[in-house]
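Hi everyone, thanks for coming. I'd like to walk you through a model, one region at a time, so have it open in your viewer if you can.

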Amino acid sequence: MLSENGNFVKVAARSDIAEGKPRAVRVEGHSIALFEHEGSVYATDNQCPHMGYPLIRGHVKRGVLSCDWHGWSYDMEGGGCFTGGCDDLATFPVDVRNGDIYVDVGSGGKKRDDAHYLLLKEGLFSRDSWTLSKAIAIMLAKGVSEDEALEIMVKHMVRHITTGQNARFGGGRIATFMHGIKVAHMYESDDRLIPLMMAASHSAGGLDDRPDRQPLPPPVDWEKLENWIRVFTADKEWEGIEKCLITARELGGHEDKFIPLFLNCASQWFFISHSRNLIDLCHLAELLEKWGWELTGELVCNLGAKILGQGRGRPGERLREALQKLEEIEHIFDDLPQEKSPDADVDFDEDELSADLVSGDVDTIFDAITKVLTAGASIDAIATTMVMTSADRMARTPVNMSPGWWDLQEEMELAANIRKVLRFGGTKIAAKALYHCGWRFYSNRWLNIRHQPISEARTSSTTKVLDEDMALDAIIDGIESVRIQEIGRRTREYLNSGCSAEKLMAEMGQCILKDDNGADLLSTIHIVDREWHYCESHPARNQLIVGLARWATDVRRNAGNDSAVQTAHRFAKGETATELYE
């Protein structure tokens, strides 16, 4: 800045620029591009609104300024974008006086105050991670309420899933969306961008049309509709279920019964080999709980119906035998109270239950669950044993051609999800969910993991005294360098020495997310963090973090997620490629 005159700031001499020879100047910390074109002088933001390339390296033709990187073009005077839907270019008033160029930075600038919202909507339609990252980064930089952005995502996701996704993919999108926003809450400021971008990308996609679903004509009541929903669930007729749910909403006064009914139906034995149903329905319940019926009602009715009415295939011999055994113990659930006092819990042999769960024999697994359940053990305590058994298996699974990480992840997620089933569905439904989790352990019997007791902490013969920062750096370097054979030992030593688990989880989570290892690791970061705090007194809880570290290291791949996100952050702060070229 050379001098000031009113709102205009002197930025250069008129002789400093010529046709075809633009110049960049710094004004109040921003890079401004000056152009001479057809005898007039123009001033624009030097940063291309698309990805931040310096526009002085572009070209001008008949008043159109084009970026030489991706070819986006703009009206040089008004700033309007010809290529993108909302990425208009900031332009500034220019006055040439006595051979000098003055620019009014305060009166110019961005053309749309709502550009970040339009960018977000554009990214949701295109599923472009860069556009989504840029929109969210600008929102974070502007201090826009995160809830506003999330509401836009939810509204889009409702229509996308309702009109274009089946039960499996629709449920998976909601699960990743919910895990993304929960992982984001583990971090502050800029570190929230990656999980929020992953959440946004799973709410994104095209929107199709479908006819409005009309309720059934009277006379109908809730009792009839509930009975029909159960029939259609057994018969795999999802459209009938949706019709009943829409009718029930039209009747009014029954919406609080939907989620318990969903979980009740999903806990039936013919769904036992479809363990994701209970997981996805609990995520749907959380979505409804946070954003309400007005925003999510269409999705609740549609996706709930698709999940309950999906095809199940013909059961194999082992599954038929398991179903027969479960039918034989059906009577025990009649004696369970819907609400149980925490003071009524009884102790049980946790190592014995853990060993039975991984015995590879379905009768042994189901009998073990029945034993502790009928003895009065709390569902919450049984769920903890299942979670810790899964975590211990993940922390010790042999790394070979097929370590089974995703199978172990679903085993852990279903075990942790039992707490949600208990909260949304009550004791009897959660008790049945225990057997669904038991079947998941049985399905994973092929995993070559020798059982060890979980009632004692995994410690070394000697506890090392570590420098926390150095030990943490070594763990992160081990993950990034894919040193799978040592990462478990290093992580365990770090935790056993008393170093901060919270600090490790924060750094490890960022390391994993920056490498974009996908939705499964995103969900596991959230589950491990939640269960670490929930199971604070359990001696095996270190295995949660050890298992996550080993999985993340073994499946690490360089997908460039961090590059896009860091570019988005710099873009939002006006610090992108212009810095490199000036």
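Let's begin with strand β4, residues 30-37, which is largely enclosed by the rest of the structure because seven of its eight residues are buried. By buried I mean under 20% relative accessible area, with exposed being over 50% and partly exposed in between, using a 1.4 Å probe and protein chains only. Helices and strands here are DSSP runs, H or I of at least four residues for a helix and E of at least two for a strand, numbered from the N terminus.

Before going on, a word on where this comes from: it is a predicted model, with residues numbered from 1 along each chain as its sequence is written. Local features need pLDDT of at least 70, side-chain atom pairs count only at pLDDT 80 or more, totals for chains, interfaces and linings use all residues, and side-chain values use heavy atoms, with hydrogens and water left out.

Back to β4. Which strands does β4 pair with? One is β3, residues 23-27, which runs antiparallel to β4 and is joined to it by five bridges. Pairing, by the way, requires that DSSP finds at least two bridges between the strands. Within that pair, valine 25 sits opposite isoleucine 32 of β4. The other is β5, residues 40-45, again antiparallel, over six bridges. There, alanine 33 faces threonine 44 in β5.

Both pairs are hairpins. Between β3 and β4 there are two residues, and glutamate 28 in that turn has a positive phi of about 50°. The hairpin of β4 and β5 also has two residues between its strands, with glutamate 38 in the turn at a positive phi of about 50°.

A little further along the chain there is an open sheet of three strands, ordered β6-β7-β8, with antiparallel pairing. Its edges are β6 (59-61) and β8 (73-75); each has a single partner strand, so one side of each is left without a neighbour in the sheet. On average, neighbouring strands in this sheet are turned by 25° against each other, direction ignored. That angle is taken between axes, lines fitted to C-alpha atoms (for helices over the stretch in contact), and such angles run from 0 to 180 degrees between N-to-C directions. Three bridges link β6 with β7, residues 64-66, and valine 64 in β7 is the bridge partner of lysine 61.

Now some backbone details for those of you who like checking torsions. Where is the cis peptide bond from proline 218 to proline 219? Proline 219 lies in the loop between α5 (193-203) and α6 (222-235), and the bond has omega near 5°.

Two residues other than glycine have positive phi as well. Arginine 127, in the loop between α1 (115-126) and α2, has phi near 60° and is partly exposed at 42% relative accessibility. Valine 482 has a phi of about 55° and is found in the loop between α16 (468-480) and α17 (484-496); its relative accessible area is 42%, so valine 482 counts as partly exposed.

On to the cysteines. How many disulfides does the structure hold? Zero, where a disulfide is a pair of cysteine sulfur atoms within 2.5 Å. Take cysteine 81: the closest cysteine sulfur, in cysteine 48, is 7.7 Å away, too far for a bond. Cysteine 81 is buried, at 14% relative accessible area. Cysteine 535 is in no disulfide either, with the sulfur of cysteine 437 the nearest at 13 Å, and it is buried at 4%.

Last topic: empty space. On a 1 Å grid over the protein atoms alone, a cavity is a set of points where a 1.4 Å probe fits but cannot get out, while a pocket is an open set with protein on both sides within 12 Å along at least five of seven lines; lining residues have an atom within 4 Å of a point. Points are joined across faces, edges and corners, and a volume is the space filled by probe spheres set on them.

The search finds four cavities of 30 Å³ or more. The largest holds about 70 Å³, and its lining includes Ile136, Met139 and Leu196. α3 (146-164) gives the largest share of that lining, four residues.

The second largest pocket has about 620 Å³ of space. It is lined by 26 residues, with Arg168, Phe169, Gly172, Arg276 and Asp280 nearest its centre. α4 contributes the most, eight residues.

Thanks, happy to take questions!
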